[in-house]
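Please look through the model shown here, first for the empty space inside it and then for the places where aromatic rings meet.

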Amino acid sequence: MFTPCCRFSWHLALLFILVSICISEARFLNSKRQLNNSISAILVFGDSTVDSGNNNYIKTLFKANFPPYGIDFANHIPTGRFTDGRLVPDFLAEYTRVKQYIPPYLDPTLTVDDLAVIPMQKQLEYFQDYKAKLENSIGEEKTKSLISNAAFLVSAGSNDFVMNYFGTTFRRQTYTLSNYEQLLLQNIREFIQALIDEGARLIGLVGLPPLGCLPVVITLSSGSPFSPRQCNESLSQIAIDFNKKLQEELRPMQTDQGPKIVYFDIYQPLIDILQKPSKFGFDETNIGCCGSGLIEATFACNAGSNVCPDPSKYVFFDSIHPTEATYNYVFKKMQPVIDEIIQGK
């Protein structure tokens with residue numbers, strides 16, 4: 001859900017915002033569901049923490065379709081997920097019985113029933129195209145019903161702070177931190193409203209994680225790999241403050257009559273793990289499982305890298321991305337809100 005990358009622009013394909021649309025049309029059309037829920041589709045907007053493998057199909061060095069990524073995925077296959085196994089959207093799709101795994105839209109073997117990735121600058125235009133394809137496939141009324149019963153999950157903001165603002169001098173010369181936060185809040189508000197205009201009725205917004213606790217951030221903040229490894233508290237405090245402002249920004253949009261908009265807190269669950277790791281089954285909190293764990297990610301975490309014997313004991317798989325075990329814990333902390341939503345629909 002979160003993928004900040006500090007000063008290293010090599011981490012992400014930054015021109016894309018991933019929109020993972022996972023649909024099971026047959027189940028949507030079948031009134032007898034295996035699970036008592038009315039979620040017709042899952043749409044996930046975010047970055048490499050929700051990328052199920054789209055980077056495999058674009059021209060970029062920043063891929064994860066090679067070992068040791070995927071070592072705990074089904075059949076130990078590296079799918080392009082930047083972790084050892086599954087992501088939060090995978091757990092969500094399986095839990096709601098929509099699909100077992102989120103497939104990448106850019107996989108040429110997929111059909112309209114699976115999912116989509118939309119470049120940021122044309123995401124709404126392409127989403128309209130996607131809906132048109134659905135209408136041709138299942139009809140206008142069923143498409144309208146599918147979209148209105150879909151769950152939209154939006155995870156954004158980490159890169160804007162860690163890389164785009166603090167990672168370069170350009171943004172800081174143009175904006176004060178307060179002004180930059182207001183710009184991001186305005187963009188998020190407008191994006192949510194655009195989703196509503198397109199028919200979204202259920203939107204979940206994921207807050208920022210403890211930005212200062214990523215292994216790569218700790219390494220760069222400490223100045224030396226031999227220095228004591230502690231979170232950058234000032235950066236994490238910025239995340240806390242922004243999350244509060246984000247929730248305040250959502251309140252006017254959270255009405256009984258309008259679309260249901262919920263906020264997911266991932267900051268506290270991650271802090272809980274980081275502060276008392278043994279309580280949750282973790283041993284390592286400030287280094288990744290891959291390589292030295294200090295700075296390796298994407299192509300620097302590869303088949304030649306040393307890998308820890310048990311990734312489930314690590315909070316992070318590489319120096320940026322969490323392990324499947326961490327994603328699973330975060331999803332379980334989201335689950336009560338998801339249950340409430342399902343029961344209330």
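The paragraphs below take up the cavities and then the aromatic pairs.

This is a predicted model, in which local features need pLDDT of at least 70 and side-chain atom pairs count only at pLDDT 80 or more, while totals for chains, interfaces and linings use all residues. Residues are numbered from 1 along each chain as its sequence is written, and side-chain values use heavy atoms, with hydrogens and water left out.

A cavity is a set of points, on a 1 Å grid over the protein atoms alone, where a 1.4 Å probe fits but cannot get out, and its lining residues have an atom within 4 Å of a point. There are four cavities of 30 Å³ or more, and the largest holds about 160 Å³ of space. Its lining is made up of 16 residues, with Leu92, Ala151, Phe264, Ile338 and Ile341 nearest the centre. Helix H11 gives the most to this lining, namely four residues.

Aromatic rings of Phe, Tyr and Trp (its six-membered ring) pair if their centres lie within 6.5 Å, and a pair counts as edge-to-face when the planes are over 60 degrees apart. The model has 13 aromatic pairs. In one of them, the ring centres of phenylalanine 161 and tyrosine 180 lie 6.1 Å apart with planes at 90°, so the pair is edge-to-face. This pair links distant parts of the chain, since phenylalanine 161 belongs to helix H5 and tyrosine 180 to helix H7, 19 residues apart. Both phenylalanine 161 and tyrosine 180 are buried, a word that means under 20% relative accessible area (1.4 Å probe, protein chains only). Phe161 and Tyr180 also belong to one aromatic cluster, together with Tyr165, Phe166, Tyr175 and Phe242.

Note on methods. On a 1 Å grid over the protein atoms alone, a cavity is a set of points where a 1.4 Å probe fits but cannot get out, and a pocket is an open set with protein on both sides within 12 Å along at least five of seven lines; lining residues have an atom within 4 Å of a point. Grid points are joined across faces, edges and corners, and a volume is the space filled by probe spheres set on the points. Helices (H or I, at least four residues) and strands (E, at least two) are DSSP runs, numbered from the N terminus. Rings of Phe, Tyr and Trp (its six-membered ring) pair if their centres lie within 6.5 Å; planes under 30 degrees apart count as stacked, over 60 as edge-to-face and the rest as tilted. Buried means under 20% relative accessible area, exposed over 50%, partly exposed in between (1.4 Å probe, protein chains only).
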